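Morning, everyone. I have one model to walk through today. Please put it up on the screen.

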Amino acid sequence: MTQPSPDNRDPVEQTETLGPERTALDRLVARGAHGAAWLVLIAMGISVVEVFLRYGFNNPTSWVHESVIFLVAVTFALGGPAALARNSHIRVKVLYDSAGPRLTCWMDRFNDLVTLGFCLAMSYAAFHMFWRASHNPFGEWQLERSGTSWNPPFPALVKGMILFALALMTLQALLHLVQSIRARPADHEPADHESTDRETR
């Protein structure tokens, strides 16, 4: 029995194997996002443990609530780079879908430039936020803590994760801009057809 050649595969199957990631960094971030998604399951698991301990054995914990908030906050922070890597952020594409290849090319460049500027500005703000959370007024390293009986340094760690996510998005946006500047209008036609096929399924 003969095996079908790669050229004779179903076009739908070929489209499915093509990911929306634009760069190698995007592919790395997308794979890492699958691992980070398990943090939500861990947060749910320790929440279930807390319910059993609190209402079943009258032995509540002092660490579950803050740990759950920390894990979910980290997941949300990493959602930005994941969405940018997978090209899955929410957007209105009325003008984009009706534009020709040349206009689409320039719109991509403009969009990537605006995204880079936004990520740079947010990274600058996140750096100052993390610096205040990780240093005391004398400039010495001192992590901001929650102030509860457990008193973990989660506020500073979350702000550090936000800075990391925004710095990563800045690098992604820079690579996207370089890619769109190098692209020619003819390079956009196949990608548009592939994205349209994925959206209609």
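Let me fix one term before I start: contact here means heavy atoms within 4.5 Å. With that in hand, take Val74. Set aside its neighbours within four places in sequence, and Val74 is in contact with Leu39 and Met161. Keep in mind that this is a predicted model.

Now the overall picture. The protein chain has eight helices and zero strands. Read from the N terminus, the elements go α-α-α-α-α-α-α-α. The chain holds 201 residues, and 30% of them are buried. Its accessible surface is about 13600 Å². Carbon and sulfur atoms account for 66% of that surface. On contacts, take pairs of residues at least 6 apart in sequence. Of those contacts, 71% join residues at least 24 apart.

Next, the inside. Which residues form the largest nonpolar core? There are 10 of them: Leu39, Ala43, Ile46, Val64, Val68, Phe70, Leu71, Val74, Phe154 and Val158. Three helices give two or more residues each to this core: α3, α4 and α7. Helix α4 covers 64-86, and α7 covers 154-182. The most comes from α4, with five residues. Apart from this core lies another one, of six residues. Among them are Leu84, Cys119, Ala126 and Leu163.

Let me stop at one residue in α4, namely Ser67. Is Ser67 buried or exposed? Its relative accessibility is 11%, so Ser67 counts as buried. What does its side chain reach? The backbone oxygen of Trp63, at 2.7 Å. Now leave out the neighbours within four places in sequence. Ser67 is then in contact with Ile46, Trp150 and Phe154. Two of those names, Ile46 and Phe154, were on the list for the largest nonpolar core. Ile46 and Ser67 are 21 residues apart along the chain. Their C-alpha atoms are separated by 8.6 Å.

Now the outside. Look at helix α3, residues 38-56, and find Trp38. Why does Trp38 count as exposed? Because its relative accessibility is 54%, and the cut-off for exposed is over 50%. Trp38 is also part of a nonpolar patch on the surface. Its partners there are Leu41, Met44, Val48, Phe52 and Phe57. Together, the patch has about 700 Å² of accessible area.

One distance links the outside to the inside. Start at Trp38 in the patch and go to Leu71 in the core. In sequence, Trp38 and Leu71 are 33 residues apart. In space, C-alpha to C-alpha, they are 9.7 Å apart.

To recap. Helix α3 holds the exposed Trp38, and α3 also gives two or more residues to the largest nonpolar core. Helix α4 gives that core five residues, and α4 is where the buried Ser67 sits. That is my tour. Over to you.

How values were computed
Residues numbered from 1 in each chain as written. Predicted model: local features only at pLDDT ≥ 70, side-chain atom pairs only at ≥ 80, totals over all residues. Heavy atoms only, no water. Patch = residues over 30% accessible without salt bridge, like charges linked within 9 Å, V, L, I, M, F, W, Y side chains within 5 Å. Areas by Shrake-Rupley, 256 points an atom, 1.4 Å probe, with all protein chains shown as cover. Salt bridge = Lys/Arg side-chain N within 4 Å of Asp/Glu carboxyl O. Helix = DSSP H or I, 4+ residues; strand = E, 2+ residues; numbered from the N terminus. Buried < 20%, exposed > 50% of the residue type's maximum accessible area, 1.4 Å probe, protein only. Core = buried A, V, L, I, M, F, W, Y, C linked by side-chain atoms within 4.5 Å. Polar contact = N/O pair within 3.5 Å; in protein donor to acceptor, adjacent residues only side chain to side chain.
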